[in-house]
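Me: Please take a close look at a single part of the structure below. I would like one connected account, with the cut-offs spelled out.

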Amino acid sequence: MITFGDVVRRGGGWLPLIGLAGLVGSLGTLALPTVLGHAVDALVAGHGSGSWIVAAGVLIVISVVFDVVDAYAGTACVAGTTAWLRDRVVRHVFAVGPARSSRFETGDLVTRVSGNAVEAAQAGPAVVTTVAAALPPVGSLVLLAWIDPWLALALLAGLALVAGVLRTFALRSAEAMVAYQQTQGTIAARLAESLAGARTIAAAGTVEAEQQRVLTELPRLHEHGIGTWRIMARSSAQATLVGPLVLVAVLATGGIELLRNRITPGELFAASQYAVIGGGLGALTGVFSRLARAKAGVRRVSEVLDTTPVSYGTASLPDGPGALELRSVTVRAADAVLLDDVSLQVPGGCAVAVVGASGAGKSVLAEVAARLRSPDEGEVLLDGVALAELDHAALRAAVGCAFERPVLVGASIGDAVDVGRSVDVRAAARATHAHEFVSRLPEGYATPLAEAPMSGGEYQRLGLARAWPAQRLLVLDDATSSVDMVTEMQIARTLTDDHGGRTRLIVTHRAATAARADLVVWLAEGKVVATGTHDRLWERPEYREVFG
Amino acid sequence: MKREIAFGVAAMPRKPAVALLLWSVPEALPASLSGLAVAHAVDSGFLADRPAVGLGWLALLLVAAGLGAIGSRQVYRLLGGLVEPFRDLLVRKVVGGALGHAVRGKADDGAIARLTHQVEIVRDTYAGLIVVLRGFLVTVIGVVIGMLSVDPVIVALLLPPFLLGLGAFLATLGMAADRFRRSVRADEQLAVTAGAVLAGTRDIAATGAEEHAAAMTKGPIEAQADAERAIATVAAVRSLCLALGGWVPLVVLLVAGPWLVSRGLTAGAVMGGLTYVLIGLQPVLRNLMTAVGGSGLRYAVTLGRILDAAELPSEPEPRAHAGQGDELAVRGLTFAYGPHAEPVLRDLDLVVPPGDHLAIVGPSGIGKSTLAGLLCGLLRPGEGAVLLGGVPVADLPADQLARGRTLIPQEAYVFAGGVWDNLTYLAPDADPERVAHAITAVGADALVARIGGVGATLVPAELSAGERQQVALVRAYLSPAPVVVLDEATCHLDPVAERRAEEAFAERGGTLIVIAHRVSSALRARRVLVLDGTGAAVGDHRTLQETSPLYRDLLGHWNPDRRLEEV
């Protein structure tokens, strides 16, 4: 759980400093024109200018000092809060576990960590600087009105004009930008195609023709680009006119007042400066949009942090062979029953194949057995202890899980297999026949993941090696489907000869794999149709159909 | 940073650049005249009891603003003429670099982002820099002229601290650029690490590696925060530079005020001087610092990456001439992916005579595709050579090579465009009859009919992986090359379609080399090459069955007894 207030408070000691710097700076900005005006009057009068000049100097020094403080403190405060938020989000995603965090796409999570966290971290500075930022333009307007109400009115009229110009600009440029981006998208799509076909292009020697093809739309992009500048040209001309117009209006009104001796030359000077500062009223929308962005950022981050984490127990495992038991396990999704009252007993050390058509619930069964998902009803026990009661370390040391599409995480191949557990990486890789191809990579086990071109089967073998150190139960969810038959057979042999005698739960589509298992669990629509040996089940035509 | 600045300047066409500078002059008029107009409006107008004169001077300011607006309009129009060609140049660089790297076998995941995102950053910052820099130049010159016409002594007082502040800012730019670059790198590192780690949430949970994974991201998170703090220092230093260049002139003018007045300077002149600082010098200096310190650094860093990524390794142009005949010969071929890596292929010898039909089999990851790449000249052998007609394929230029052999890889290439263009990619001069024959031969009739015939437009997303392979097969069939290498090019086809395609190529004439996905491909071939990681055996099906245990193993597992696989 996290609220906007939590993020603001995280700013801590920086916030009073930032707030003070902003406030003092703003007051200085407001006071300076008046002081300068008096200084001018005193200069003309020829006496008493000294104290005003000193006052102006002091104001300038103060505003410079606080400007420097503000420039540093704002960024430093946001940097610290951002790091804190990012770390919290990443840790929370892991605490929530794969089943519940899967509603967030990976790219979406990365955006929340890298982008939204920065926006959210602006919360503190945004709150304390809003007042300070609003003060100079609003105050100028008030001071201007105090000198002469017509001056304030002239300023407001000018600002309305600016807003109108900006609005039409936004509308027109949005249209031009859409056309520009569409053309850009076409070019990008063509480049993506060509990159995907790089091997064909390399072999055909057609790289120059491809470049031509990708760039076909470039002249159109050029045209659209020129169009955006034309719109910009018109708006900028209008905008350039408005600023001096406001200034001149204020100066003219003030000049007449000077003539009537109602104001001094100094006051006229002050009025002209207030007109310039008051022009900053338009920028106030920026201040509020910063606040709004911070709020939106906090909301995006808190969506992740509000997800309930998985809870672990405190029990450890008694000695045992790795007997797995499912008791009336039911798993539901939003609108479907994925596993329906499944009960199953697997004696320790056995190899069990789980078969069934696509969507039968095989992977869900594997996830439940590895506690990557918790059943909605029923429980899963390993050597008599419910998985939910096991403590985190005991659970993961006992149970390993390999997947059809493993995602390898780590700096290097070796790191991705070890994942911080200090296990015997080479032994695991040898057992899963990954060692052969890893040793052919440029730097062997030290090869960075990103620089290791690997096939699906090679990925799977590394995923298997990562799961290999599990002490009691290995869950293999279609984990060798892309491995060629010869290698798979060799891996299967290692599994059979596994003297550790671990229990294996093997989800598979291959008849040969099911044939080698001690027991086959046949699933259909979330229910167990039958259990038995492959040979016995093979007599049933519906069973044979499962294998196509 | 020097390279990026030089690149931006060199890319600028001279004529529009000069025109842009000239139109900037009226744009700077309001700022240049502001102090002068104020001084005269007060002194000879409002204070001298002549309101008409005062208003007249202010009207002059308004006229200047009108001229400024016209200038501003022209400046932005001309800006397009500078910026768009620059963007075109960048797009060409990105596309050329990405394709160049891709055909050299280096995957380039960032190319699309570079095209859509980074090019736009450079385009915007380039434009912004041009606007601000010439604005700065023209305004400062205009303000100096204006101050001179009010009173030269003002220039002598105001300009030195202003230039000092500007110099101090420029002196800190190098440091600022380094820190900015560090922050950008930290940002990317964080996004990459977070992406990799968060994509593996399931796998991390399964291995209980939550702490390890959190620690993996902690490093980049902290590095990024440190980089931001370093930038905060730069921001603070920049504020000091602005104080020096923007505020000190004001203080100097005030302090010198009594002396100036005693020298006969009028109230209007003092006000004019102050106005020049507050409306002229201070804002342009602030703009310059924001633009150069922000956009300028973004420009340099982003353009630097685009230029780096576009740089292709210079290789000697292959200059050999095509040899005699179509015999493909492999002599003592050894290949490894790195200096410390085990070789994928070791001392391989092989002769494929013209008209041969060879299947290459072996477990996955054993180097079959690598061999295909070497045979086709896409990879350079570590030792030994691959000769086509007696000439090393690695020495043949791409177009000569394309006439000698065709490679169809597993990932078939189709592009958005005409079906015809896709099919005749390797034989642009093919006549409709030959194309129709090729379509029928490889069994792509149904596909071509479904997508609307050869005259239709092909939408890659609407084709299945198998259909893409059919398009690639027709293409290879039409190619003039006598040697065809199919690298698992039929793996997404069903066994019947695969058989038809392979038979079509066998009847096409010339040499056919098939990297086999199914054992049936080996059974159809005249000869089979078995790769087992340490050596290779070549022979016909019958001989290999007797001599190669691995071949027997492969055969056995391709044909599990219970489930007769599609032969």
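Reply: Start with α7(B), which bends by about 40° at B:Trp247. A proline, B:Pro249, follows within four residues of that bend. The bend at a residue is the angle between two fitted axes, one for the seven residues ending there and one for the seven starting there. Helices are DSSP runs of H or I with at least four residues, numbered from the N terminus.

The model is predicted: local features need pLDDT of at least 70, side-chain atom pairs count only at pLDDT 80 or more, and totals for chains, interfaces and linings use all residues. Residues are numbered from 1 along each chain as its sequence is written, and chains are lettered from A and ligands numbered from 1 in the order in which they are written.

α7(B) covers residues 210-255, 46 in number. From first C-alpha to last it reaches 65 Å, close to the 68 Å expected at 1.5 Å a residue. The expected span is 1.5 Å times one less than the number of residues.

Now α9(B), residues 267-310. It also has a bend, of about 30°, at B:Val277. Its 44 residues should span 64 Å, and the end C-alpha atoms are 60 Å apart, which agrees.

Helix α1(B), residues 2-10, meets α9(B): their axes come within 9 Å and cross at roughly 85°. Axes here are lines fitted to C-alpha atoms, for helices over the stretch in contact, with angles from 0 to 180 degrees between N-to-C directions. The crossing therefore makes α1(B) roughly perpendicular to α9(B) (65 to 115 degrees; under 35 is roughly parallel, over 145 roughly antiparallel, the rest oblique). α1(B) brings B:Arg3, B:Glu4 and B:Phe7 to the contact. α9(B) brings B:Tyr299, B:Ala300, B:Leu303, B:Gly304 and B:Leu307. Residues are in contact if their C-beta atoms, placed from the backbone, lie within 7 Å. By class, this contact has five nonpolar, one polar and two charged residues. Ala, Val, Leu, Ile, Met, Phe, Trp, Tyr, Cys and Pro count as nonpolar, Asp, Glu, Lys and Arg as charged, and the others, Gly among them, as polar.

Chain B also touches chain A: 126 residues of chain B are in contact with 121 residues of chain A. Helix α3(B), residues 51-103, gives the most to chain B's side, with 29 residues. That side has 78 nonpolar, 26 polar and 22 charged residues. The 53 residues of α3(B) should span 78 Å, and its end C-alpha atoms are 76 Å apart, which agrees. B:Gly105 follows α3(B), with a positive phi near 85°.

Key:
Helix = DSSP H or I, 4+ residues; strand = E, 2+ residues; numbered from the N terminus. Contact = placed C-beta atoms within 7 Å.
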